[in-house]
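Thanks for coming, everyone. Have the sequence and the model open while I talk. I'll go through helix packing, then a few single residues.

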Amino acid sequence: MIQLTNRQARQFLLLKQGLLGEHIFIGKQGAFDFVRQAGCIQFDPVDACGRNAELTLQSRVKGFTKKTLYELLYEDRLLVDYPDKNLSILPTEDWPYFERYRRAARNHAVKFPELEELAKQAKRYIAENGPVSSDDLPIEGSIHWQSAIHWSGEWGGKTNAARAVLEQLYSTGELVIHHKQGARKYYALAEDYLSKQILEAPDPVVDEFAHQKWRLLRRITAVGLLWNRPSDAWLNIWGMKAKERTRAFEELQEEGAILPIQAEGIGPDLYCNAKDRPVLERVLSQEEENVSGKEAFKPRCEFLAPLDCFLWDRNLIRELFGFDYKWEIYTPAAQRKYGFYVLPVLYGERFVGRMEASADRKAGVLTVKNIWYEPDVRQTKKLSEAIQRSIRRFAKFNECGTVVGLERKGQGN
């Protein structure tokens with residue numbers, strides 16, 4: 001059992017995530033490397049000041065631009081849109097591991113016989129005309145259909161026939177997303193954009209429990225530290241209930257794939273990927289600085305995405321960092337404590353507050369609507385300057401040359 005103080009546990013997580021000290025993820029290669037480390041980053045179409053996947057990468061990758069992710073997805077094809085932890089972006093090399101989901105979608109299709117002819121029409125049209133969105137596909141009307149999986153489709157009732165057949169073929173892996181234009185998805189034949197080797201590769205993990213175990217280790221690696229308890233970090237791992245989760249933790253520990261960690265002030269044991277031992281050793285080697293209160297690692301100020309993998313277990317973040325974050329996008333406006341699209345603000349080893357900003361790219365203006373500081377945060381000149389520098393960098397990321405509201409001091413809690 002590895003013993004960590006609360007501060008050491010926080011440092012480990014932040015270093016692992018590439019959010020503390022010098023940047024370890026740089027440029028396009030760095031963006032790809034981070035997605036490989038995380039396994040997947042979540043996609044969400046809302047674009048108030050950058051979409052979730054872009055926001056996740058801009059906080060870690062030096063020199064990241066939105067074009068970087070677009071190229072990795074739709075030019076280099078090193079990344080692919082496919083559900084993992086809900087809607088996600090994942091390394092194309094991991095495509096074979098999700099064959100069971102595509103197989104489930106194919107089996108599910110037999111419940112909707114009208115889809116078969118529509119699928120033939122859609123594939124023939126795409127082969128002749130290239131990538132299409134549901135608005136472009138000349139299939140009219142609606143059909144009774146629901147997705148086999150939670151990430152797409154409507155649950156029951158009628159749905160637009162063009163949309164249904166494209167979503168179905170995407171779920172089975174016969175189509176991939178060719179590109180996105182705003183929130184609109186354009187689909188193309190998978191065989192035209194993914195290699196035959198990838199498409200025909202067998203499922204590397206055929207056994208159901210072995211697959212659950214692989215997914216669980218992947219999620220531990222994505223967050224950095226996780227515990228054996230219910231968590232949003234396990235979303236969309238089919239069939240994994242408490243019994244299976246406990247068995248997976250036990251077997252992974254017996255195999256030496258994960259390391260148990262006791263963090264100060266945390267009741268349940270935490271676990272990390274055994275391959276992250278060098279990061280642990282780096283943290284433990286800084287004991288003298290930690291005891292003296294000095295900054296062992298260069299602090300950075302970063303704005304995090306609402307669905308950032310670092311935040312997948314918000315109970316853990318609350319216990320380790322004392323930061324209680326809720327994404328209020330689905331909360332009625334009158335009931336919001338903060339705002340519609342609010343980003344956690346990280347400075348050094350702690351969360352210092354949260355920021356709401358909106359980008360008007362046509363006008364080239366980023367508006368900082370508010371910054372709310374945590375109650376115990378001293379609003380020093382050093383902190384203020386760090387946040388202002390980060391806001392200017394954030395404006396550049398959003399292709400905005402002007403910042404409005406930079407002088408806002410925040411309202412606290």
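First, a term: contact means heavy atoms within 4.5 Å. Helices (H or I, at least four residues) and strands (E, at least two) are DSSP runs, numbered from the N terminus. This is a predicted model, so local features need pLDDT of at least 70, side-chain atom pairs count only at pLDDT 80 or more, and totals for chains, interfaces and linings use all residues. Residues are numbered from 1 along each chain as its sequence is written, and side-chain values use heavy atoms, with hydrogens and water left out.

Let's start with helix pairs. Two packed helices are described by the angle between their axes and the distance between the axes. Axes are lines fitted to C-alpha atoms, for helices over the stretch in contact, and angles run from 0 to 180 degrees between N-to-C directions. Angles under 35 degrees count as roughly parallel, over 145 as roughly antiparallel, 65 to 115 as roughly perpendicular and the rest as oblique.

Which residues of helix 9 meet helix 10? On the helix 9 side they are Phe209, Gln212, Lys213, Leu216, Leu217 and Ile220. Helix 10 brings Glu244, Arg245, Arg247, Ala248, Phe249, Glu251 and Leu252. The two axes come within 10 Å and cross at roughly 75°. That makes helix 9 roughly perpendicular to helix 10. By class, this contact has seven nonpolar, one polar and five charged residues. For the classes: Ala, Val, Leu, Ile, Met, Phe, Trp, Tyr, Cys and Pro count as nonpolar, Asp, Glu, Lys and Arg as charged, and the others, Gly among them, as polar.

Next pair. Helix 6 is residues 114-129, and helix 7 is residues 161-171. Their axes come within 10 Å and cross at roughly 80°. So these two helices are also roughly perpendicular to each other. Helix 6 contributes Leu115, Leu118, Ala119, Ala122, Lys123 and Ile126. Helix 7 contributes Ala161, Val165, Leu166, Gln168 and Leu169. The split is nine nonpolar, one polar and one charged.

Third pair: helix 1, residues 6-17, and helix 13, residues 314-321. The axes come within 9 Å and cross at roughly 130°. That makes helix 1 oblique to helix 13. Asn6, Ala9, Arg10, Leu13 and Leu14 of helix 1 meet Glu319, Leu320 and Phe321 of helix 13. Five of these residues are nonpolar, one is polar and two are charged.

One helix by itself. Helix 2, residues 27-38, has 12 residues. From first C-alpha to last it reaches 17 Å, close to the 16 Å expected. The expected span is 1.5 Å times one less than the number of residues. Its buried residues include Phe32, Phe34 and Val35. Buried means under 20% relative accessible area, exposed over 50%, partly exposed in between (1.4 Å probe, protein chains only). Just after helix 2, Gly39 takes a positive phi of about 85°.

More on phi. Most residues other than glycine have a negative phi. Arg77 has a positive phi of about 55° although it is not a glycine. Arg77 lies in the loop between helix 4 and strand 5. Glu399 has a positive phi too, about 60°, and sits in the loop between helix 14 and strand 18. Are these two buried or exposed? Arg77 is buried, at 13% relative accessible area. Glu399 is exposed, at 53%.

Now the cysteines. How many disulfides does the structure hold? Zero. A disulfide here is a pair of cysteine sulfur atoms within 2.5 Å. The sulfur of Cys40 is 7.8 Å from the closest cysteine sulfur, in Cys309, so that is too far for a bond. For Cys49, the nearest cysteine sulfur is that of Cys400, 9.8 Å away. Cys40 is buried, with a relative accessible area of 1%. Cys49 is buried as well, at 0%.

Cys49 also comes up with Leu343. Leu343 is in strand 15 and is buried, at 0%. Leu343 touches residues including Cys49, Leu55, Phe303 and Phe394, not counting residues up to four places away in sequence.

Last residue: Arg219, in helix 9. Arg219 is buried, with a relative accessible area of 1%. With that same sequence cut-off, its contacts include Asp84, Lys85, Trp234 and Trp312.
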